[in-house]
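Reader: I would like to learn how to read the features of a model, one at a time. Please give me the idea, then the case.

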Amino acid sequence: MHPLRSAVIAPIRLYQRLISPALPRSCKYEPTCSHYAVDAVRTEGVLRGLVLATWRILRCNPWSHGGYDPVSAQRLFRSRRSSPDS
């Protein structure tokens, strides 16, 4: 993994291991917002991943319906894996 990605993911992993277990679960989404952030940074890169993670956290609020929302279902950016002809 790229060193910058690792540096961005490290604080999220610390949160997951040290802080999150002490708090009641409040995320309405699956995967949780912190897992979504890690997945987004891994698959989309640091900049896009952080934008997607921030957008997810903003959507995770008391008025949200929540539910299953993987990174692969995001619509904010075009997929890097799709060809221009599809």
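Author: We go from the overall fold to salt bridges, rings, a surface patch and single residues. This is a predicted model: local features need pLDDT of at least 70, side-chain atom pairs count only at pLDDT 80 or more, and totals for chains, interfaces and linings use all residues. Residues are numbered from 1 along each chain as its sequence is written, and side-chain values use heavy atoms, with hydrogens and water left out.

Reader: Which pattern does the chain follow along the sequence?

Author: Elements here are DSSP runs: helices (H or I, at least four residues) and strands (E, at least two), numbered from the N terminus. The chain has three helices and two strands. Their order along the sequence is α-β-α-α-β.

Reader: What box do the C-alpha atoms fill?

Author: Roughly 45 × 35 × 15 Å, taken along the principal axes.

Reader: How do I read contacts by sequence separation?

Author: Contact means heavy atoms within 4.5 Å. Take the contacts between residues at least 6 apart in sequence: 71% of them join residues at least 24 apart.

Reader: And burial?

Author: Use relative accessible area: buried is under 20%, exposed is over 50%, and partly exposed is in between (1.4 Å probe, protein chains only). Of the 86 residues, 31% count as buried. Accessible areas come from the Shrake-Rupley method with a 1.4 Å probe; for residues, only the protein chains shown count as cover. The chain exposes about 6,200 Å², and carbon and sulfur atoms supply 61% of that area.

Reader: How many salt bridges does a search of the whole structure find?

Author: The general idea comes first. Side chains of opposite charge can pair when their charged atoms come close. The cut-off is a side-chain nitrogen of Lys or Arg within 4 Å of a carboxyl oxygen of Asp or Glu. The search finds four. One of them joins arginine 25 and glutamate 30, at 3.3 Å from N to O. Arginine 25 is exposed, at 58% relative accessible area. Glutamate 30 is partly exposed, at 42%.

Reader: Which residue pairs with arginine 56 in a salt bridge?

Author: Aspartate 69, at 3.0 Å from N to O. Arginine 56 lies in helix H3 (residues 46–59) and aspartate 69 in the segment after E2, so the bridge ties together parts 13 residues apart in sequence. Is the site open to the probe or covered? Arginine 56 is buried, with a relative accessible area of 0%. Aspartate 69 counts as buried too, at 11%.

Reader: Where does arginine 59 fit in?

Author: Arginine 59 also forms a salt bridge with aspartate 69, with the closest N and O atoms 3.1 Å apart. This pair links helix H3 to the segment after E2, ten residues apart. Arginine 59 counts as partly exposed, at 22% relative accessibility. Shared partners join Arg56, Arg59 and Asp69 into one network.

Reader: Which rings do these arginines sit over?

Author: The test uses NZ of Lys or CZ of Arg: within 6 Å of the ring centre and within 35 degrees of the ring normal. Arginine 56 lies over the face of tyrosine 36, at 4.2 Å from the ring centre. The charged end of arginine 59 sits over the ring of tyrosine 29, 5.5 Å from its centre.

Reader: How many aromatic pairs are there?

Author: A pair of aromatic rings is described by the distance of the centres and the angle of the planes. Rings of Phe, Tyr and Trp (its six-membered ring) pair if their centres lie within 6.5 Å; planes under 30 degrees apart are stacked, over 60 edge-to-face, and the rest tilted. By this rule the count is zero.

Reader: Which residues form the nonpolar surface patch?

Author: Patches take residues with over 30% relative accessible area and no salt bridge; like charges are joined within 9 Å, nonpolar side chains (Val, Leu, Ile, Met, Phe, Trp, Tyr) within 5 Å. Here Leu14, Tyr15, Leu18, Ile19 and Leu23 form a nonpolar patch, with about 500 Å² of accessible area together. Leucine 18 is in helix H1 (residues 3–19). Leucine 18 is exposed, at 62%.

Reader: What does glycine 66 touch?

Author: Glycine 66 touches Lys28 and Tyr29, not counting residues up to four places away in sequence. Glycine 66 lies in the loop between H3 and E2 and is partly exposed, at 25%.
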